[in-house]
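Here are a few exercises to help you find your way around. Try each task on your own before you read the solution.

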Amino acid sequence: MRVAVLVGSVREGRQARPVTDWFLGLAERHGGLETDVVDLAEIDLPLAMPGWGGEPSPRAVAALAGVSPRLAAADAFVVVTPEYNHSFPAVLKNLIDWHRPEWQAKPVGFVSYGGLGGGLRAVEQLRLVFAELHATTVRDTVSLHGPWSGLGEDGAPRDAAIAETAAKGMLGQLTWWGRALRTARADLPYQG
């Protein structure tokens with residue numbers, strides 16, 4: 001199953017990449033997953049979108065040519081996101097908004113991090129966004145609380161047992177939904 005893992009932060013000194021690398025190790029051990037890391041720091045999508053019926057700028061066309069096929073090819077998604085001001089980063093919303101059919105009838109799992117809430121407020125808002133795009137978010141989330149003290153220098157959680165148990169549950173749900181929805185899309189194309 002192909003899983004696009006979105007690195008949802010571009011902030012200098014971000015924890016997103018070490019957290020993503022930790023998660024990728026768990027996903028590899030889970031087995032049966034082919035991951036494609038989509039690091040938003042490497043995608044130059046403009047904020048200005050064309051009006052209805054308008055054409056994207058050449059800059060947007062170039063950026064979309066690199067990322068849209070990767071999202072379309074994915075059977076499922078995992079979003080790695082921090083929580084900024086009780087929400088998720090603007091760069092992540094921008095990527096989401098530039099796409100629509102790529103998300104439809106596919107599952108989305110979350111790995112979040114941030115202060116005492118562990119990024120859960122960002123995840124709850126992302127659930128609303130993905131529901132509007134006809135994606136299915138899985139119930140279980142990997143939530144890393146206090147990453148500045150809860151993560152080691154390698155980005156791995158200091159309380160590995162709890163985080164790994166959460167990841168195992170989320171990956172199990174993501175795999176089930178990914179296979180079920182891939183079969184459903186093949187049998188009857190989604191009409192969202």
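Contact here means heavy atoms within 4.5 Å. Keep in mind that this is a predicted model.

**Exercise 1. Find which residues Arg 14 touches, leaving out residues up to four places away in sequence.**

Step 1: go to the loop between E1 and H1, where Arg 14 lies.
Step 2: look for contacts around Arg 14, and you'll get Val 7, Ser 9, Asp 39 and Ala 41.
Step 3: now try a residue elsewhere in the chain. Arg 14 and Thr 165 are 151 residues apart in sequence, and their C-alpha atoms are 24 Å apart in space.

**Exercise 2. Work out how the pair Phe 110 and Phe 130 is arranged: what is the angle between the planes?**

Step 1: search the whole structure for aromatic pairs, and four turn up.
Step 2: pick out Phe 110 and Phe 130, with ring centres 6.3 Å apart and 50 degrees between the planes.
Step 3: planes under 30 degrees apart count as stacked and those over 60 as edge-to-face, so the rest are tilted. The pair of Phe 110 and Phe 130 is a tilted one.
Step 4: see where the two rings come from. Phe 110 is in strand E4 (residues 107-114) and Phe 130 in helix H4 (residues 120-132), so the pair ties together parts 20 residues apart in sequence.
Step 5: check the exposure. Phe 110 is buried at 0% relative accessibility, and Phe 130 is buried with a relative accessible area of 0%.
Step 6: widen the view, and you'll see Phe 77 and Trp 103 join Phe 110 and Phe 130 in one aromatic cluster.

**Exercise 3. Describe how helix H1 (residues 16-30) and helix H6 (residues 160-187) pack.**

Step 1: take the axes of H1 and H6, which are 10 Å apart, at an angle of about 60 degrees.
Step 2: name the arrangement. That angle makes H1 oblique to H6.
Step 3: add the handedness, since H1 passes H6 in a right-handed crossing.
Step 4: list some residues that meet. On the H1 side they include Trp 22, Phe 23 and His 30, and on the H6 side Met 170, Leu 171 and Thr 175 are among them.
Step 5: zoom in on Thr 175 in helix H6. Thr 175 counts as buried at 7% relative accessibility. Leaving out residues up to four places away in sequence, Thr 175 touches Met 1, His 30 and Leu 33.

**Exercise 4. Decide whether H3 and H4 are roughly parallel or roughly antiparallel to each other.**

Step 1: find the axes of H3 and H4, which come within 11 Å and cross at roughly 10 degrees.
Step 2: angles under 35 degrees count as roughly parallel. H3 and H4 are therefore roughly parallel to each other.
Step 3: look at the meeting residues: Leu 92, Lys 93 and Ile 96 in H3 against Leu 126, Val 129 and Phe 130 in H4.
Step 4: pick out the buried residues of helix H3 (residues 90-97), namely Leu 92, Asn 94, Leu 95 and Ile 96. They pack against strand E1, helix H2, strand E3 and H4.

**Exercise 5. Find out whether Asn 85 is buried or exposed.**

Step 1: locate Asn 85 in the loop between E3 and H3.
Step 2: read off the relative accessibility, which is 77%, so Asn 85 counts as exposed.
Step 3: check the backbone too. Phi of Asn 85 is near 50 degrees, a positive value in a residue other than glycine.
Step 4: try His 134, another non-glycine residue with a positive phi, of about 65 degrees. His 134 is partly exposed, with a relative accessible area of 28%.

Conventions
Residues are numbered from 1 along each chain as its sequence is written. This is a predicted model: local features need pLDDT of at least 70, side-chain atom pairs count only at pLDDT 80 or more; totals for chains, interfaces and linings use all residues. Side-chain values use heavy atoms; hydrogens and water are left out. Rings of Phe, Tyr and Trp (its six-membered ring) pair if their centres lie within 6.5 Å; planes under 30 degrees apart count as stacked, over 60 as edge-to-face and the rest as tilted. Helices (H or I, at least four residues) and strands (E, at least two) are DSSP runs, numbered from the N terminus. Buried means under 20% relative accessible area, exposed over 50%, partly exposed in between (1.4 Å probe, protein chains only). Axes are lines fitted to C-alpha atoms, for helices over the stretch in contact, and angles run from 0 to 180 degrees between N-to-C directions. Angles under 35 degrees count as roughly parallel, over 145 as roughly antiparallel, 65 to 115 as roughly perpendicular and the rest as oblique. A crossing is left-handed if the near helix is turned anticlockwise from the far one by less than a right angle, and right-handed if clockwise.
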